[in-house]
Amino acid sequence: MTMRVGLGYDIHPLAKNRRLILGGIEIPHHKGLAGHSDADALIHAVCDALLGALGEGDIGSRFPSNDPSFKNIASVVLLEDVQKLVTTKGYSLLNVDTVIVAQAPRLGPHLPAIKARLAAVLGVDQQRVNVKVKSGEGIDGIGREEAIAAHAVCLLAAVPSSPATP
Ligand code: MG
């Protein structure tokens, strides 16, 4: 069986007057992530992991930030597009594992909703999706609540008799 691993990482600054969206879920907080889209760092990391596994570059090349059609776009729409590409290229998602690095707010209570949303958008059972959170431990910009980062790894398997190539 052909399998392909992918790695993704993203970071966005926290800013006032922005909604905080992670994994497609809005989380109550006095600041939100700033960026061209809704700045959902977790979904961007997952997109990059999937694109990486496919050998299809990265989110910046697929959805250029100078393209006005992506301004303030919900990142779940980007993930839906990338998930379709996974299928088109003949792969299925075995699993995705993620880490959000955030000093604040406390994300633990929101992890089940984030996981459910990611699994729904990816079209897989929740057992194939894992979402973890780490504190910034007060270190650097994340620890000073200036930013939130996310990491993701995924494993894709070629669907038998599909167009997938090693
Ligand atoms: Mg991003």
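Which side chain does Asp81 meet in a salt bridge? The partner is Arg62, with N and O 2.7 Å apart. Keep in mind that this is a predicted model, so read each distance as computed from that model. Asp81 sits in helix α3 and Arg62 in helix α2, so the pair ties together parts that are 19 residues apart in sequence. Neither end is tucked away: Asp81 counts as partly exposed at 28% relative accessibility, and Arg62 is also partly exposed, at 32%.

**The other charge pairs**

Searching the whole structure turns up five salt bridges. Side chains of opposite charge can pair when their charged atoms come close. Here are three of the five, with the N to O distance for each.

| Acidic residue | Basic residue | N to O distance |
|---|---|---|
| Asp81 | Arg62 | 2.7 Å |
| Asp97 | Lys132 | 2.7 Å |
| Glu146 | Arg144 | 3.0 Å |

Take the Asp97 and Lys132 salt bridge. Asp97 belongs to strand β5 and Lys132 to strand β6 (residues 129-134), so this pair links parts that are 35 residues apart in sequence. Asp97 is partly exposed, with 26% relative accessibility, and Lys132 is partly exposed too, with 32%. As for the salt bridge between Glu146 and Arg144, Glu146 comes out as partly exposed at 40%, while Arg144 counts as exposed at 53%.

**Helix α3 up close**

Back to the helix that holds Asp81. Helix α3 covers residues 75-88, which makes 14 residues, and it reaches 20 Å from its first C-alpha to its last, close to the 20 Å expected at 1.5 Å a residue. Its buried residues are Ser75, Val76, Leu78, Leu79, Val82, Gln83, Leu85 and Val86. Looking down the axis of α3, you'd find these buried residues within an arc of 165°, so they line one face of the helix. The spacing fits a general rule: an α-helix has 3.6 residues a turn, so residues three or four places apart point the same way.

What covers that buried side? The cover includes α1 (41-54), α2 (59-62), β5 (91-101), α4 (111-122) and β7 (147-158). On the face of α3 turned away from the buried side you'll find the exposed residues Lys84 and Thr88. Just after the helix, Gly90 takes a positive phi of about 90°.

**Two buried charges without a salt bridge**

Now for a couple of charged residues that go without a partner. Lys31 sits in the loop between β3 (25-27) and β4 (32-33). Lys31 is buried but makes no salt bridge, and the nearest side chain of opposite charge is that of Glu145, 5.1 Å away. A salt bridge would need the side-chain nitrogen and a carboxyl oxygen within 4 Å. The backbone of Glu145 is another matter: its oxygen lies 3.1 Å from a polar atom of the Lys31 side chain. Leaving out residues up to four places away in sequence, Lys31 touches Leu14, Ala15, Lys16, Arg18, Leu20 and Glu145.

Asp48, found in helix α1, is also buried with no salt bridge. Which side chain of opposite charge is nearest to Asp48, and how far away is that side chain? It belongs to Arg62, 9.5 Å away, and Arg62 is the residue that meets Asp81 in a salt bridge. Setting aside neighbours within four places in sequence, Asp48 is in contact with Leu7, Gly8, Tyr9, Asp58 and Ile59.

Conventions: Residues numbered from 1 in each chain as written. Predicted model: local features only at pLDDT ≥ 70, side-chain atom pairs only at ≥ 80, totals over all residues. Heavy atoms only, no water. Helix = DSSP H or I, 4+ residues; strand = E, 2+ residues; numbered from the N terminus. Expected span 1.5 Å × (residues − 1). Buried < 20%, exposed > 50% of the residue type's maximum accessible area, 1.4 Å probe, protein only. Arc of directions from axis to C-beta. Contact = heavy atoms within 4.5 Å. Lys, Arg positive; Asp, Glu negative; His and termini not counted. Polar contact = N/O pair within 3.5 Å; in protein donor to acceptor, adjacent residues only side chain to side chain.
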